[in-house]
Amino acid sequence: SLLTDPKKAGASNLGGIAQNIALGYVKMATPDYALAIDLVQAAGKLEGKENPFYLLAEAEAHYKLGHKDKAVSVITRAIELKKAESGVNERQLKMFEDKLKL
């Protein structure tokens with residue numbers, strides 16, 4: 001139902017739920033990684049820009065679905081966005097780069 005009216009749910013809610021699913025912040029018996037990807041993409045469309053944290057969740061979801069090339073592509077884009085931020089948080093950047101090594 002979140003994807004039926006994403007505007008009503010809001011980008012941060014969509015992105016947050018996607019992170020919970022993909023990054024395992026909330027334990028689920030059968031996480032729906034495809035849903036996490038859809039939620040991230042809907043959040044990005046609502047925001048009108050790419051959010052590196054949402055991309056991190058998307059990359060993780062792709063990885064868990066076995067889409068390794070897509071996961072590398074998405075996390076690489078997230079790293080580029082983090083590096084482009086003014087006053088980049090080095091600890092966060094390292095977390096993103098560590099995901100790429102997996």
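Which residue forms a salt bridge with Lys-82? The partner is Glu-85, with the closest N and O atoms 2.9 Å apart; a salt bridge here is a side-chain nitrogen of Lys or Arg within 4 Å of a carboxyl oxygen of Asp or Glu.

A word on the basis: this is a predicted model, in which local features need pLDDT of at least 70, side-chain atom pairs count only at pLDDT 80 or more, and totals for chains, interfaces and linings use all residues. Residues are numbered from 1 along each chain as its sequence is written, and side-chain values use heavy atoms, leaving out hydrogens and water.

By the salt-bridge rule the count comes to seven, including these:

| Pair | N to O distance |
|---|---|
| Arg-77 and Glu-80 | 3.2 Å |
| Lys-82 and Glu-85 | 2.9 Å |
| Lys-94 and Asp-98 | 2.9 Å |

Lys-82 is buried at 1% relative accessible area, while Glu-85 is partly exposed at 32% (buried is under 20%, exposed over 50%, partly exposed in between, using a 1.4 Å probe and protein chains only). Arg-77 and Glu-80 sit three residues apart in helix α5, and a network of salt bridges links them with Glu-50. Helices are DSSP runs of H or I with at least four residues, numbered from the N terminus.

Now to the interior. The largest nonpolar core (buried Ala, Val, Leu, Ile, Met, Phe, Trp, Tyr and Cys residues joined through side-chain atoms within 4.5 Å) has 27 residues, and Ile-75 and Phe-96 are among those touching the most other members. Helix α3 gives the most to this core, with seven residues.

Technical notes
Helices (H or I, at least four residues) and strands (E, at least two) are DSSP runs, numbered from the N terminus.
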